[in-house]
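Me: Please select one part of this structure and examine it closely. I should then like to see how that part fits into the chain as a whole.

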Amino acid sequence: MTVVLGERVLGRYRRFSLYNSPYPAHDAGCAIDCYPAGTDPHEGLAEVAPSPVAGVVRETRTVSAPPKPYAPEHDHLILIDVEEPAGAAGLVARVLHVDPTVEAGDRVAIGESLGRLVRAGFFAPWVGTHLHLGFREPGRNLHRASGSLSIDPGVPVRPLSWDGTGTVVATGETYAILDAPAHPNPGDEWVGVADDDGRVLDGGLPHYEGGGALKSGGAVAEDGGEEDEPARPIRLNGDPVGAANGRTVTWDEPTVLANGEPVTGLSLFCARDAGFGAKLICPEREFEVGERLSVSIGRR
């Protein structure tokens, strides 16, 4: 079973990603991270976390998170018996990274606040604050991290070609954001960086084990893929970066280079906000705002 979300759900957020995570809960796109407005690390935390579903809160609990020097060692899990969206009705939504102001028995609507977003030890330092969403059948283990159903964003995502060049417009201790590719219609449509065949790339290239290649321009992400089908090559500006089976990509040991020198990688996601541009993950290097960069792919 695949859960289709659609604009009624994702329209509450400015960015989303199915694959940009190192955790097995996201394997094969079985979870989605949703970023409300104002949640880049340099913008501060959003005050509230809008609910991605409507239904009745089943349970809230505090859970352990990996120890990190910059984050608490606990997170929060909210379980909601889903009534909307229609494609998820009867399932249980699992929401993480929200300190809840709701409790068991409360009824919530799509877009209503569940609480305040938190940055727990699950977050790498370059990751923007977001809520994590997965869906599970009621009879399944609802507390186990992995085992959720496949998710289809259910919204058109426009693939943007990018020649690898850009000017640094924002920086943090571990990242730099470029002005390209620029969003052509901020707020009006979803976009993402395209591979050479026009599929939208999603994930941490290559700092997380794999990523995704979403169907170009359509409302439905590519899924499935027969076991005996050959993997499809994924290239970025002619450089091979991995191979896709269905929509899931295994990176082929690429190295991201900025002006010829290696960096940790590229953060790839779908967005609708004006601040969209290539996000370079670079805790080992410092870049200055206004610096011109050429990003390419090398081999390890």
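**Glu84 and its surroundings**

Reply: Glu84 has a relative accessible area of 34% and is therefore partly exposed; in this scheme buried means under 20%, exposed over 50%, and partly exposed in between, with a 1.4 Å probe and protein chains only. The model is predicted: local features need pLDDT of at least 70 and side-chain atom pairs count only at pLDDT 80 or more, whereas totals for chains, interfaces and linings use all residues. Residues are numbered from 1 along each chain as its sequence is written, and side-chain values use heavy atoms, with hydrogens and water left out.

The partner of Glu84 in a salt bridge is Arg8, with 3.2 Å between the closest N and O atoms. A salt bridge here is a side-chain nitrogen of Lys or Arg within 4 Å of a carboxyl oxygen of Asp or Glu. This pair ties together distant parts of the chain, since Arg8 belongs to helix α1 (residues 7–10) and Glu84 to strand β5 (residues 74–84), 76 residues apart. Helices (H or I, at least four residues) and strands (E, at least two) are DSSP runs numbered from the N terminus. Arg8 has a relative accessibility of 46%, so this residue also counts as partly exposed.

Glu84 takes part in a second feature, a cis peptide bond to Pro85 with omega about 5 degrees. Pro85 itself is placed in the loop between β5 and β6 (92–96). A further cis peptide bond runs from Leu205 to Pro206, with omega near -10 degrees, and Pro206 lies in the loop between β16 (200–205) and β17 (210–214).

In the loop between β6 and β7 (98–100) is His97, a residue other than glycine with a positive phi, near 75 degrees. His97 is buried, at 5% relative accessible area. Glu253 likewise has a positive phi, near 50 degrees, and is found in the loop between β20 (248–251) and β21 (254–258).

The pair Arg8 and Glu84 may be set beside other charged contacts, as the structure holds 11 salt bridges. Glu59 and Arg61 form one of them, their closest N and O atoms being 2.8 Å apart; Glu59 is partly exposed at 22% relative accessibility, and Arg61 is partly exposed at 36%. Arg140 and Glu137 form another, at 3.8 Å between the closest N and O atoms. Arg140 is exposed, with a relative accessible area of 53%, whereas Glu137 is partly exposed at 34%. In addition, salt bridges with shared partners join Arg14, Arg15 and Asp273 into one network.

Arg15 is also among the contacts of Cys34, which, apart from neighbours within four places in sequence, include Leu10, Tyr13, His130 and Leu131; contact means heavy atoms within 4.5 Å. Cys34 lies in strand β3 (residues 32–35) and is buried, with 0% relative accessible area.

For the whole protein chain, the secondary structure comes to 1 helix and 26 strands. The radius of gyration is 18 Å, close to the 19 Å that the globule rule gives for 300 residues, so the chain is as compact as a globular protein of that length. That radius is taken over C-alpha atoms, and the rule is 2.2 Å times the number of residues to the power 0.38. Of the 300 residues, 52% are buried.
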